[in-house]
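Reader: I have a chain in front of me and I am new to this. Could you walk me through it in short steps?

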Amino acid sequence: KTATGLTSFNPRWVRVNALQTTLEDSLSSPTFHAFQEVGSVSDMFFFDVVRKTYYRKAEILPNILAIHPSHDITSSELYKSGKIILQSASSCLPAIMLDPPKGSMVVDGCAAPGNKTTHLAALVGSSGKIFAVERDRRRADILEMMITKAGAEGIVTTLKATDFTTIMEGHPAWQASYILLDPSCSGSGILQRVDWDISKLNLPSSDTTSSHPSKKKRKRDETLPNGSASQPEERETKQLEEEIQDDDTSRERLQSLSDFQVAIILHAFLFPNARRITYSTCSVHAEENEHVVARVLNSEIAKERGWRVQSRDENPLSTWHRRGLVGELSDLKSSLEEQRRVADGCIRVHRTDSLGGGFFVTCFTRQVDDKGQFG
Ligand code: SAM
């Protein structure tokens, strides 16, 4: 049990790869033959002490299932063939929030190992185009393997050993309409690594955590779910404080990560046809989350090019209850009412929310007409 008394179960999350199969076909395949659906994530921990074969569909996240973490799904045919992918529910939020239409052109600016790239590929489909940018050559090799396994080679072009901030006019990726940014962060929301692709691809032990300064394994909360959508504010703040105290990332490190994250977003703001950009971290620190949002919104580039945070009711995850922290947006040079609107346009996931780890995501948007003019 955590110090605040809040508790959670952490299932294993599975994304059904819509490039290769459907949710219905997966559930009726031999892999899920013995499985039964339960009414809530916590139920599978109560009911299934022996067989561990229960699943739960994520309510607001299409094609995403929770299963018992002790069930070895990695030996199943569905997993080995890339029809299902082990990806935490929180890590699925950015692609869903970006919501690129079928056939659209997308840039994944910080792509390896490729969970979100392959998720984007499933959303844009075979008529879409994705540029997956990865600065680190070795991680880009893993990204390519993941793309192949997911059956997304025809959709994704990998830009290996490429810095996102060097993509400029003249590069084909410069014309993208949708950009997903999931840059390196402190990793302070991570519960444990789920490097499904890497372990199964028999690579030499890979530095998948190289972007995370704190490489220690995160503690897994092992008690009861908090689940409720209506926790008192005070309790929630206390819980977040506890998560922050649990992390040892230094102030200096947070500042340098924050500067880097701001630079990545400001570069994305320059793409001439971009109409939506998601920014996400698996960090619990406001320095990497709300503070970054305030800094980029205060920039001249954002004002000149009409970038704003998408309102809660505009995005597909409007029903998720935990939003950004308005108190952490006080540097935003705008009215309190606007600060509240921006906070509401951000999503936070706590480590105790059973979605697979602490997370932050928001979506920047602007109007772009058919001629590529914004306003
Ligand atoms: N989105 C990935 C996923 O879901 O599998 C995880 C991305 S990880 C948090 C951040 C990645 O961004 C790392 O692989 C890192 O090497 C890469 N990266 C950092 N800075 C970059 C830059 N300027 N350009 C391109 N890639 C960068």
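Author: One term comes before the rest: a residue is near a molecule if its C-beta atom, placed from the backbone, lies within 6 Å of it. Keep in mind that this is a predicted model.

Reader: Which residues come nearest to the ligand?

Author: The shell around the ligand has 20 residues. By class, seven are nonpolar, six polar and seven charged. Those that come nearest are Cys110, Asn115, Arg135, Phe164 and Asp182.

Reader: Which elements give two or more residues to the shell around the ligand?

Author: Start from the residues that come nearest, Asn115 among them. The helix α5 covers 115-124. The elements that give two or more residues to the shell are α5 and β7 (129-134).

Reader: How many residues of α5 are buried?

Author: A residue counts as buried if 20 or more other C-beta atoms lie within 10 Å of its own. In α5 the buried residues include Asn115, His119 and Val124. The helix is largely enclosed by the rest of the structure, because the buried count is 10 of the 10 residues.

Reader: What phi does Gly125 take?

Author: Gly125 sits just after α5. Its phi is positive, at about 75°.

Reader: Is Asp136 buried or partly exposed?

Author: Asp136 lies in the loop between β7 and α6 (137-150). Buried needs 20 or more other C-beta atoms within 10 Å, and exposed means 12 or fewer. Asp136 has 17, so it is partly exposed.

Reader: How far apart in space are Asp136 and Asp163?

Author: In sequence, 27 residues separate Asp136 and Asp163. In space, C-alpha to C-alpha, the distance is 8.6 Å.

Reader: Now the strands. In what order do the five strands of the open sheet stand?

Author: The chain has 12 helices and 13 strands. Five strands form an open sheet with mixed pairing. Their order is β2-β3-β4-β1-β5.

Reader: Which strands stand at the edges?

Author: Each edge strand has a single partner strand, so one side of it is left without a neighbour in the sheet. The two are β2 (36-37) and β5 (84-86).

Reader: Which residue of β4 is the bridge partner of Tyr55?

Author: Strand β3 (residues 54-57) pairs with strand β4 (residues 64-67). The sense is antiparallel, over three bridges. In β4, the partner of Tyr55 is Ile67.

Reader: How many residues of β1 are buried?

Author: Arg12, Val14 and Val16 point one way from β1, and Trp13 and Arg15 the other way. Both sets are buried. The strand is largely enclosed by the rest of the structure, because the count is five of the five residues.

Reader: Which residue of β5 is the bridge partner of Val14?

Author: On one side, four bridges join β1 to β4 in antiparallel fashion, and Arg15 stands opposite Ile64. β1 also pairs with β5 in the antiparallel sense over three bridges. There, the bridge partner of Val14 is Leu86.

Reader: How many residues of domain 2 are in contact with domain 1?

Author: Domain 1 is 12-86, and domain 2 is 92-187 + 230-365. Taken over C-alpha atoms, their centres are 27 Å apart. The touching side of domain 1 has eight nonpolar, three polar and one charged residues. Those 12 residues of domain 1 meet domain 2 residues numbering 15.

Reader: Which elements do the buried residues of α12 pack against?

Author: In α12 (residues 336-344), the buried residues are Gln339, Val342 and Ala343. They fall within an arc of 100° seen down the axis, so they line one face of the helix. They pack against α10 (290-297), β11 (308-309) and β12 (346-349).

Reader: Last one. Is Gly356 buried or exposed?

Author: Gly356 lies in the loop between β12 and β13 (359-365). Leaving aside neighbours within four places in sequence, its contacts include Asn10, Trp13 and Leu191. It has 26 other C-beta atoms within 10 Å, so Gly356 is buried.

Reader: And what share of the chain counts as buried?

Author: The chain has 375 residues. Among contacts between residues at least 6 apart in sequence, 77% join residues at least 24 apart. The buried share of the chain is 47%.

Definitions and conventions:
Residues are numbered from 1 along each chain as its sequence is written. This is a predicted model: local features need pLDDT of at least 70, side-chain atom pairs count only at pLDDT 80 or more; totals for chains, interfaces and linings use all residues. Ala, Val, Leu, Ile, Met, Phe, Trp, Tyr, Cys and Pro count as nonpolar, Asp, Glu, Lys and Arg as charged, and the others, Gly among them, as polar. Two strands pair if DSSP finds at least two bridges between them. The arc is that of the directions from the helix axis to the C-beta atoms. Two residues are in contact if their C-beta atoms, placed from the backbone, lie within 7 Å. Domain bounds come from an automatic or database domain assignment.
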